[in-house]
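Reader: I am a first-year student, and I would like to take a close look at one part of this protein model. Please guide me through its interior step by step.

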Amino acid sequence: MRQRLVPLLAPSLRKDRPEAPDTFETKARGMAVLTTPLLNKGSAFTFEEREALGLTGLLPPVISTLEAQVTSAYTQYQRLPDALSKNIYLTALHDRNEVLFFRVLSEHLREMIPIVNDRTVGLAMEQYHHECRRPRGVYLSIDHADAIEEAFGNLGAAPEDIDLILATDAEQIFGIGDWGVGGIEISIGKLAIYTAAGGIDPTRVIPVMLDVGTNRDSLLTDPMYPGNRHARVRGERYDAFIADYVEIATRMFPKAILQWEDFGPGNARRILQKYRGELRTFNDDMQGTGAVTLAAAVSAMRICGSLLEKQRIVIFGSGVGGIGTADLMRDVMMQAGLTATEATRQIWCVDVHGLLTTDMGDRLHDFQATWARPASEVRNWKTDDAGSPNGIGLAEVVRQVKPTMLIGMSGATGAFTESIVRNMARHTERPIIFPLSSPSSLAEATPADIIAWTGGQALIATGGSFSPVTYRGITHVIGQTTNAMLYPGLGLGTIVSRSRLISVGMLTAAANALSSLVAVRQPGASLLPHIDDLRSVTATVAVAVAEAAVSEGLAETKLVDIVREVQEAMWQPVYRHILAI
């Protein structure tokens, strides 16, 4: 994987030259060097580099080290008063010195992931069009669909130069919903984690904003809003725009993964279903969430000595994450030998209107239809209230189904009530209960309550962060389903293997690898690893993904030593020698 920097204003990187390994060659001089983020070392330029690059007198005389700069940058970060200020600081650092930014981020991932890619990004997006920022990424407008190829061409990247393209249309950004063209920050933040956690080379990725309009009135009426000033385009025109994007992106960059982020649930599932069998594509909101949940479930299966296909699974919350999890659980059961019908019957999906059933009319969205139970099957089940639009509620579903696994992705605080949990525990020795809504304040139940209500027998993973719970002398460590534990490794393994698809087998391998990193024999053990050493987690996941790609005949490159090749593929945030030409 020969590397090249994008755009062409940056230098080309000549790697593995015997006389000068990991060297940037550049014709830039003076301030042009200092304003190129992947060239800029700040005060760490050597005397020789300063003289050759025309930097004499443009920097303080003392030569620093990357380590000293990291300490200084993190000290500044800690002094900032709130999450938004920290996000703005890290964005500025990213725009000024990429190596330093990624080094700081990689050394403080657990602390900084919520700052660069969580609700804080939502806060930053709300100010996006009121701030002057360095352009980063590609903006594609549905009103100028004929310019897609020109836009990508303006990067100056060759077909083999790009490994990952992450696109969003920003319809359903976590925590804030539709935020139009400001959604580019989601793509940028996600790719930053790919690099810091997964070693994906930052010169080989492209963040993309697919601007199809916005339905947020505050943006449409804001004279400073830089995006398309019309309602979101739907239907055939939208699908044609997506098709044009896919065709051009895959033709111009045939080795790249196409990732989808923060699309509305209907579009997200339809796009994924259309293209997943044709090219290397991935939706983290659906498949990443599903795979991390699967990893926690695999750990629970190891404790119970059972199999996933034997479980009765109730999913409360049938949006992007819930339906994505249901889809993956079904696919894994089918791999184990169940038919599609048999696997589907093992999963019950509940939404705001109640259990998904075929007689819900327009309350049943197209992306949920697969999971609607036949109305005849539940004819005698009780509804919340006679004639209520809420239909069959969660309590009745649990009473009738007697689930072994209960997953919450609803954002409905306290929805897993004591009576529901105790009812579930009466019918299964080790109830598997995952209140995955985040932050912690939105959890369907707290781990402390679940443990108390089940006499310490529940197996728990959460979406938010919770402290360990001690009950009857056993300390229960609560695993957190953070997608960042999985998607960097999935991406890296796909890139290393050059898999032509991202298969269910590869997602399952990633989940199994994640589960393998926890010792479940110890009472109260976490179902998922902690993210303190995320790069090691990523390497483990990437190896498993690449091995799965090879075993399924999907790999388009020959791998001899997968562990070594994964390690060598991981980009490191260190300063390279800058050679003036």
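Which residues of the largest nonpolar core touch the most other members?

Author: The model is a predicted one, and its confidence should be stated at the outset. The average pLDDT of the chain is 91, and 92% of the residues score at least 70. Residues 1-20 are a stretch to treat separately, for there pLDDT stays under 50.

The largest nonpolar core has 142 residues, and the members that touch the most others are Phe152, Ile165, Val208, Leu210 and Tyr245. The greatest contribution to this core comes from helix H21, residues 534-551, which supplies eleven residues. A second core, separate from this one, has 28 residues, among them Val398, Leu406, Val421 and Ala445.

Let us consider helix H21 further. From its first C-alpha to its last, H21 reaches 26 Å over 18 residues, close to the 26 Å expected at 1.5 Å a residue. Of these 18 residues 13 are buried, so H21 is largely enclosed by the rest of the structure. Just after this helix comes Gly553, which takes a positive phi of about 75°.

We may now return to Ile165. Setting aside residues up to four places away in sequence, Ile165 touches Ile206, Val208, Tyr245, Ala249, Phe253, Ala256, Ile257, Leu258 and Gln259. Two names in that list, Val208 and Tyr245, also appear among the core members that touch the most others.

Tyr245 leads on to the aromatic residues. Its relative accessible area is 0%, so Tyr245 is buried, the cut-off being under 20%. Trp260, at 1% relative accessibility, counts as buried by that cut-off. A search of the whole structure finds nine aromatic pairs. In one of them, the rings of Tyr74 and Tyr77 have centres 5.9 Å apart and planes at 20°; the pair is therefore stacked, as planes under 30 degrees apart count as such. These two tyrosines, Tyr74 and Tyr77, both belong to helix H3 (residues 66-79), where they are three residues apart, about one turn of the helix. Tyr74 and Tyr77 are both buried. In addition, the charged end of Lys86 sits over the ring of Tyr77, at 5.0 Å from the ring's centre.

Another aromatic pair brings us back to Tyr245 and Trp260, which are arranged edge-to-face, with 5.8 Å from centre to centre and 75° between the planes. Because Tyr245 lies in helix H11 (residues 235-252) and Trp260 in strand S6 (residues 257-261), the pair ties together parts that are 15 residues apart in sequence. Tyr245 and Trp260 also belong to one aromatic cluster with Phe152, Phe253 and Phe263.

Helix H11 also contains Gly235. At 43% relative accessibility, Gly235 counts as partly exposed, whereas Tyr245 is buried. Gly235 and Asn267 are 32 residues apart in sequence, and their C-alpha atoms are 9.8 Å apart in space.

One further place may be examined in the same manner. Thr428 is found in the loop between helix H17 (418-425) and strand S12 (432-435). Its relative accessible area is 15%, so Thr428 is buried. Apart from neighbours within four places in sequence, Thr428 is in contact with Pro403 and Thr404.

How values were computed
Residues are numbered from 1 along each chain as its sequence is written. This is a predicted model: local features need pLDDT of at least 70, side-chain atom pairs count only at pLDDT 80 or more; totals for chains, interfaces and linings use all residues. Side-chain values use heavy atoms; hydrogens and water are left out. A nonpolar core is a set of buried Ala, Val, Leu, Ile, Met, Phe, Trp, Tyr and Cys residues joined through side-chain atoms within 4.5 Å. Buried means under 20% relative accessible area, exposed over 50%, partly exposed in between (1.4 Å probe, protein chains only). Helices (H or I, at least four residues) and strands (E, at least two) are DSSP runs, numbered from the N terminus. Contact means heavy atoms within 4.5 Å. Rings of Phe, Tyr and Trp (its six-membered ring) pair if their centres lie within 6.5 Å; planes under 30 degrees apart count as stacked, over 60 as edge-to-face and the rest as tilted. A charge sits over a ring if NZ of Lys or CZ of Arg is within 6 Å of the ring centre and within 35 degrees of the ring normal. pLDDT is the predictor's confidence in each residue, from 0 to 100. The expected span of a helix is 1.5 Å times one less than its number of residues.
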